[in-house]
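Colleague: Before I look at the coordinates, could you take me through how enclosed spaces and domain interfaces are read from a model?

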Amino acid sequence: MARLLFEWDYSHHPGAQSYPHLFKPIQIGNLSVPNRIKYAATEDNFNTHDGFITDADVAYMRERAKGVVGGLCFMQGVYMDPGRQGQGYVGQAACWDDKFIPGLKRIADAVHAERAVAGFQLMDCGRVGAVDVDYCHGPSAVPQRLRIFKPVQEMTKADIQDVVRQHVDAARRGVAAGFDMMEISGIVGYLISNFISSYTNRRNDEYGGDIRGRMRMVVEIIQGVKKVCGPDVPVGIRLCSEELLDDVRGNTPEESMETYQIAEQAGADYISCTLGWQESIYPVISRDIPMGNWVHLAKRAKQHVKIPIQMAYRLFKPGLPNEKIGAGELDIWEMCRSMIADPLMPKKVLEGRENEVRHCVACNLCLARLFRDAPMTCYINPVCAHESHPEFMDPKPAQDKKRIMVVGAGPAGLECAYMAARRGHEVHVYDRRGVIGGTLNEARNAPYGDDELWTCVEYQQAMCAKYGVQLHLGAEVTEALIQDELPDTVVLASGPVYPQLKAPGGDHPKLVNLLDVMSGRAPVGRKVVVYGNRKPGIGCALHLAKQGKKVTLVGREKSAGFDVNPSFKWRYLIYMRQAGISAYNDCVIEEVNDEGVIVKSYDGYRWPVVCDTVIVSEREANPSLKQVVQSEGIELFVIGDALVPRNLSSAVHDGYRIGMRV
């Protein structure tokens with residue numbers, strides 16, 4: 001009979017009625033898991049640089065364990081070699097010595113305290129490792145495609161046996177620390193995937209050659225780990241179903257499926273189905289990839305093996321995983337970024353509170369931070385990385401209840417409003433528009449997944465309703481209104497202003513406003529110049545290029561997308577090239593005339609660009625009403641783009657923090 005760690009009864013919860021397949025048990029090895037939900041192992045850089053667990057990491061994991069409501073909760077992958085060739089992140093947890101067991105036990109205990117299954121992952125980062133030493137190790141010395149990674153040193157047979165032993169020893173320590181399930185990481189360019197792939201494994205000995213030779217080390221690791229884990233601790237492995245490395249002669253999909261079969265034969269109790277490498281030139285998880293784009297790979301995997309298949313990868317909402325599990329095409333719904341954005345997402349789904357889920361917007365800021373040796377944060381979740389800080393997790397009720405006027409119903413204003421109301425203030429939000437969302441109403445019309453940004457506003461709307469925020473839409477805040485209402489506090493979240501060009505011809509009829517263009521209110525000619533090479537300008541340029549316009553982008557920044565995180569910026573640059581958008585960076589528009597514009601470079605060169613329409617996407621802070629509020633002696637806060645034009649993330653974080661303070 002399968003072992004059951006914790007009893008859970010979901011029958012009285014509405015989510016179990018709406019998504020019955022997500023909340024039914026499954027047996028993995030000799031372990032019975034109450035539901036089909038998994039927080040997948042995700043690095044966070046919260047630990048010390050010598051690999052010891054910190055309070056921040058324990059608190060982060062405890063919150064995710066609470067969210068899986070009895071499901072699987074995996075801590076980040078640990079590195080296992082004292083030489084640190086396998087370490088890929090500066091704050092990665094270590095497990096190469098017994099001295100790390102007490103810290104690791106703190107995480108297992110935190111997960112168990114929430115009655116969830118504690119998972120442990122073994123991860124040697126291979127050619128994307130060696131974050132703090134001079135070289136990484138791999139099956140063959142294949143040069144790096146990405147310059148940020150270290151040179152590869154080919155492993156000897158003795159080195160390979162050391163790696164096998166390190167996996168086995170670390171698994172033993174994980175079991176000693178109290179973890180219930182063991183997982184071997186063989187994905188995205190980490191060491192095991194390096195051995196499996198024909199791209200990086202050029203060996204001629206028994207650890208190279210055909211797919212069975214390239215899987216030899218993997219088989220030895222699975223068998224060794226299974227032996228130390230015993231019958232009660234299931235052992236799984238994460239494997240690529242498609243490497244997306246055709247341009248460098250990586251594995252075929254058929255070879256990848258053979259690796260699944262070999263892993264099952266070696267004793268794996270489940271497989272986590274993944275795809276792509278960090279060196280792949282095709283995107284996998286950014287929001288320009290449609291939701292559910294990869295779920296067919298789980299179905300294909302299930303056609304090749306009998307053990308359970310788990311999968312994440314652009315499955316942010318419960319409907320599709322529930323459907324695929326019900327159809328027998330998937331067994332467990334994995335989540336990484338979805339539960340970075342909202343650690344309680346599955347719990348809210350179970351309780352019928354889907355409108356209170358703060359959805360991931362697939363921006364990949366979390367990854368960008370990790371790859372730059374910084375602690376992980378979230379674009380959309382201000383609490384991420386602050387789980388160990390009580391003031392973030394459970395803000396104190398306000399001692400002095402105030403009447404607060406928030407000017408602007410965009411993301412900054414709404415975030416501030418519900419946080420302030422949650423703490424007991426009386427909050428009124430005013431906006432001259434008849435709808436909430438501010439400039440996100442227009443921004444979501446940009447292509448390549450920007451419509452997903454609107455989930456932020458949907459979440460904030462639900463939270464404002466929950467905490468009693470009063471909305472006054474179609475109501476412009478004037479000096480007279482402020483003087484009449486005399487609130488205790490005013491929060492200016494009125495968004496940016498779009499100034500006229502400060503150049504001869506700056507009021508020319510060719511000039512139109514970015515918001516009017518993105519909303520479809522302003523007609524646009526065939527040849528267009530967009531002024532401003534930050535994200536709003538790029539979004540507008542791509543939006544118009546998709547309509548068949550000939551677009552030129554002109555901006556002051558040295559490269560387009562200065563304000564876009566690097567893990568997503570490269571996608572925009574590719575789309576711009578594909579759309580034939582000409583970009584003049586480090587430039588200004590000196591003049592607007594009947595033929596078009598005069599562009600001036602940083603070093604004084606000038607040239608004309610013929611166009612029918614000039615769209616200004618440059619933004620400035622919005623000082624309106626600031627002096628009025630201050631003259632009345634009213635407490636004032638300025639947030640979001642009204643303070644400094646930035647991005648959605650800054651708006652949300654500004655709003656949350658001021659809502660905590662006011």
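Modeller: What follows goes from the cavities to the interface of two domains. This is a predicted model, in which local features need pLDDT of at least 70 and side-chain atom pairs count only at pLDDT 80 or more, whereas totals for chains, interfaces and linings use all residues. Residues are numbered from 1 along each chain as its sequence is written, and side-chain values use heavy atoms, with hydrogens and water left out.

Colleague: How many cavities of 30 Å³ or more does the structure hold?

Modeller: Rolling a probe the size of a water molecule over the atoms shows where empty space is left. A cavity is a set of points, on a 1 Å grid over the protein atoms alone, where a 1.4 Å probe fits but cannot get out, and lining residues have an atom within 4 Å of a point. Points are joined across faces, edges and corners, and a volume is the space filled by probe spheres set on them. Here there are 2 such cavities, and the largest has a volume of about 80 Å³. Of the 14 residues that line the largest cavity, Cys-360, Cys-363, Cys-366, Cys-378 and Tyr-379 are the closest to its centre.

Colleague: Which residues line the second largest cavity?

Modeller: The second largest cavity, with a volume of about 70 Å³, is lined by Gly-186, Ser-193, Ile-196, Leu-239, Cys-240, Glu-243, Asn-251, Ser-256, Thr-259 and Trp-277.

Colleague: What area is buried between domain 1 and domain 2?

Modeller: The size of an interface is often given as the accessible area lost when the parts come together. The domain bounds, which come from an automatic or database domain assignment, give domain 1 (3-389), domain 2 (395-496 + 626-661) and domain 3 (511-616). Between domain 1 and domain 2 the buried area (accessible area, 1.4 Å probe, that two parts lose on being put together, summed over both) is about 1,600 Å², of which carbon and sulfur atoms give 56%. In domain 1, Arg-287, Arg-358 and Tyr-379 lose the most area to domain 2, together 36% of what that side buries.

Colleague: How many salt bridges does the rule find across this interface?

Modeller: With a salt bridge taken as a side-chain nitrogen of Lys or Arg within 4 Å of a carboxyl oxygen of Asp or Glu, the rule finds 4 across the interface of domain 1 and domain 2. Arg-358 also forms a salt bridge with Glu-415, where the closest N and O atoms are 2.8 Å apart.

How values were computed: 1 Å grid on protein atoms, 1.4 Å probe; cavity = no way out; pocket = protein on both sides within 12 Å on 5 of 7 lines; lining within 4 Å.
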